[in-house]
Amino acid sequence: MRRIAILGSTGSIGVNTLDVIRAHPDRFEVVALTAGKQVDRLAEQCIEFKPAIAVVSEAADAARLEGLLQQNNISTQVMYGPSSLVTAVTDSDCDTVMAAIVGAAGLVPALAAAKAGKRVLLANKEALVMSGNLFMQAMNAGGGELLPIDSEHNAIFQCLPNNFTKDSSSQNAHLGVEELWLTASGGPFRNTPLDQLASITPEQACAHPNWVMGRKISVDSATMMNKGLEVIEAFWLFGLPLEKIKVLIHPQSVVHSMVRYRDGSVLAQLGQPDMRTPIAYGLAWPERVAAGVKPLSLTQLANLSFSEPDLSRFPCLSLAFTAAQSGGAAPAVLNAANEVAVAAFLDKGLPYLQIPVVVEKTLNAIATGKADSLDSILQIDAQARKVAQDFIKAL
Ligand code: NAD
Ligand code: MG
């Protein structure tokens, strides 16, 4: 029986995780659930799964959650605030943590799971982008397993040899891995005339053609910042040099990513665009369980196509490559500026085309420095947010 804590259980990944768990009560037990503000949804989840611990962000929401649970005779311990997210990891007796909070808010509890030697199912890519080296060191020190949930990285993980190690490229040399190919749908504006992009609304940006996801990652998919963050994520997860990590536009989202080998072989993982597949893979690894996903029918697909991304259409992708090459604190700055810009866009306080402008200005203002401790990362994150907000105010 695996004992699971879900950080961000009320979000898109969280709900899909519970859907897989629901189908396998003999294998998985939910011991902790956390949410930001969605008290009613979290209450329903607690009533169904009876975790030991539930966490929300604010005290008032915790009081309301407690009331709802008492009415239903549920004895879940209710807590609130950022430090309680760590408690949900360390004190719930979990062995597996689904890290599915969106953005930098997920970093500290994900790091706590890494240090505590848990099996970490990583959806929260921003945490790894911000803290790359530190996070991988924490995983090593903790001795747990890091399994990628992001569909591209999960695909690559499935296509790599079992004895591939993420921290020693010399040990991997004989395995013949030449390149990782991350596929990208290109989002809703892949073919939109460039002169129409200026008036894009949040609703249009969040209407992804293939995937149903949270609002922040939907905007990131539209700008392709998501793919940029994923390049950095792949760099840390798999330890290959950046020039061996390539991005391919593949509008059908059927091939979830590929590994090219020295002998000419290319291994791909295919499937429906349904996150329950990588989630089930991570939960049950190294076994495989039913995920509730309908079988893939290749004969019903008209075609599978691939092309190079157009960097002039997707400046965020190019900014992410630059930040990845700079290393140090630059990816944390990139991430923070992007989170601020996307939140402003979703609030209708920033035009769509200004998202890359804010990110670039922030990177130019502060992208130097190291990111070798949690304190320094949190400090640079806060600094980048302030700079990005000031740029937005000045527009
Ligand atoms: P979402 O917005 O649907 O859910 C986010 C969750 O985090 C919610 O439970 C929310 O309550 C919680 N949360 C938000 N802010 C918080 C805060 N400050 N403190 C505590 N909790 C907070 O997002 P999502 O689409 O489920 O994405 C989650 C993560 O998974 C993101 O990092 C995203 O990039 C990654 N991811 C998502 C998908 C997908 O298909 N949705 C695919 C790949 C990777
Ligand atoms: Mg992805």
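Let me begin at the surface, where Leu 270, Leu 296, Leu 298, Leu 304 and Phe 306 make a nonpolar patch of about 390 Å². Please keep in mind throughout that what we are looking at is a predicted model. Within that patch, Phe 306 sits in the loop between α12, which covers 276-284, and α13, which covers 315-326, and with a relative accessibility of 37% Phe 306 counts as partly exposed.

Since that loop follows α12, let me stay with this helix for a moment. How many of the nine residues of α12 are buried? The helix is mostly covered, with eight of the nine falling into the buried class, and among them are Arg 276, Pro 278, Ile 279, Tyr 281 and Leu 283.

Tyr 281 brings me to the aromatic rings. A search of the whole structure finds five aromatic pairs, and I would like to take you through two of them. Phe 157 and Tyr 281 form an edge-to-face pair, with 6.2 Å from centre to centre and 80 degrees between the planes. This pair links distant parts of the chain, since Phe 157 belongs to helix α7, residues 151-159, while Tyr 281 belongs to helix α12, 124 residues apart. The two partners fall into separate burial classes: Phe 157 is partly exposed at 23% relative accessibility, whereas Tyr 281 is buried at 11%.

The other pair I have chosen is made by Phe 189 and Tyr 352, whose ring centres are 5.4 Å apart and whose planes stand at 80 degrees, so this pair is edge-to-face as well. Here both residues come from loops: Phe 189 lies between β8 (177-184) and α9 (202-206), and Tyr 352 lies between α14 (330-346) and α15 (354-366), so the contact ties together parts that are 163 residues apart in sequence. Phe 189 is buried at 5% relative accessibility, and Tyr 352 is likewise buried at 5%. Before leaving the rings, I should add that ring pairs link Phe 157 and Tyr 281, together with Trp 285, into a cluster.

Now to the metal. Which protein residues act as donors to the magnesium ion, ligand 2? They are Asp 150, through OD, and Glu 152 and Glu 230, each through OE, and they lie 2.1 to 2.2 Å from the ion. Along the chain these donors follow the spacing D-x1-E-x77-E. As for how covered they are, Asp 150 is buried with a relative accessible area of 7%, and Glu 152 is buried with 8%.

Let me turn next to the salt bridges, of which the count comes to 24. The side chains of Asp 40 and Arg 64 meet in one of these, at 3.3 Å from N to O. Asp 40 is in helix α2, residues 39-49, and Arg 64 is in helix α3, residues 59-71, so the bridge ties together parts that are 24 residues apart in sequence. Asp 40 is partly exposed at 42% relative accessibility, and Arg 64 is partly exposed at 39%.

Another bridge joins Glu 145 to Arg 119, with 2.7 Å between the closest N and O atoms. Glu 145 lies in the loop between α6 and β7, and Arg 119 in strand β6, residues 119-122, so this bridge connects parts that are 26 residues apart. Is each partner buried or partly exposed? Glu 145 is partly exposed at 33%, while Arg 119 is buried at 4%.

A further bridge pairs Glu 179 with Arg 260, the closest N and O atoms being 3.1 Å apart. It links distant parts of the chain, with Glu 179 in strand β8 and Arg 260 in strand β10, residues 255-261, 81 residues apart. Glu 179 is buried, with a relative accessible area of 13%, and Arg 260 is partly exposed at 28%. Beyond such pairs, salt bridges that share partners join Asp 19, Arg 22, Glu 48, Asp 274 and Arg 276 into one network; Arg 276, you may recall, is among the buried residues of α12.

I will close with Gly 144, which is placed in the loop between α6 (125-142) and β7 (146-148) and counts as partly exposed at 23% relative accessibility. Leaving aside residues up to four places away in sequence, Gly 144 touches Gly 117, Lys 118 and Met 139.

Technical notes
Residues are numbered from 1 along each chain as its sequence is written. Chains are lettered from A and ligands numbered from 1 in the order in which they are written. This is a predicted model: local features need pLDDT of at least 70, side-chain atom pairs count only at pLDDT 80 or more; totals for chains, interfaces and linings use all residues. Side-chain values use heavy atoms; hydrogens and water are left out. Patches are made of residues with over 30% relative accessible area and no salt bridge: like charges are joined within 9 Å, nonpolar side chains (Val, Leu, Ile, Met, Phe, Trp, Tyr) within 5 Å. Accessible areas come from the Shrake-Rupley method with a 1.4 Å probe; for residues, only the protein chains shown count as cover. A salt bridge is a side-chain nitrogen of Lys or Arg within 4 Å of a carboxyl oxygen of Asp or Glu. Helices (H or I, at least four residues) and strands (E, at least two) are DSSP runs, numbered from the N terminus. Buried means under 20% relative accessible area, exposed over 50%, partly exposed in between (1.4 Å probe, protein chains only). Rings of Phe, Tyr and Trp (its six-membered ring) pair if their centres lie within 6.5 Å; planes under 30 degrees apart count as stacked, over 60 as edge-to-face and the rest as tilted. Donors are N, O and S atoms within 2.8 Å of the metal (3.2 Å for Na, K and Ca); water is not among the atoms, so sites may look incomplete. Contact means heavy atoms within 4.5 Å.
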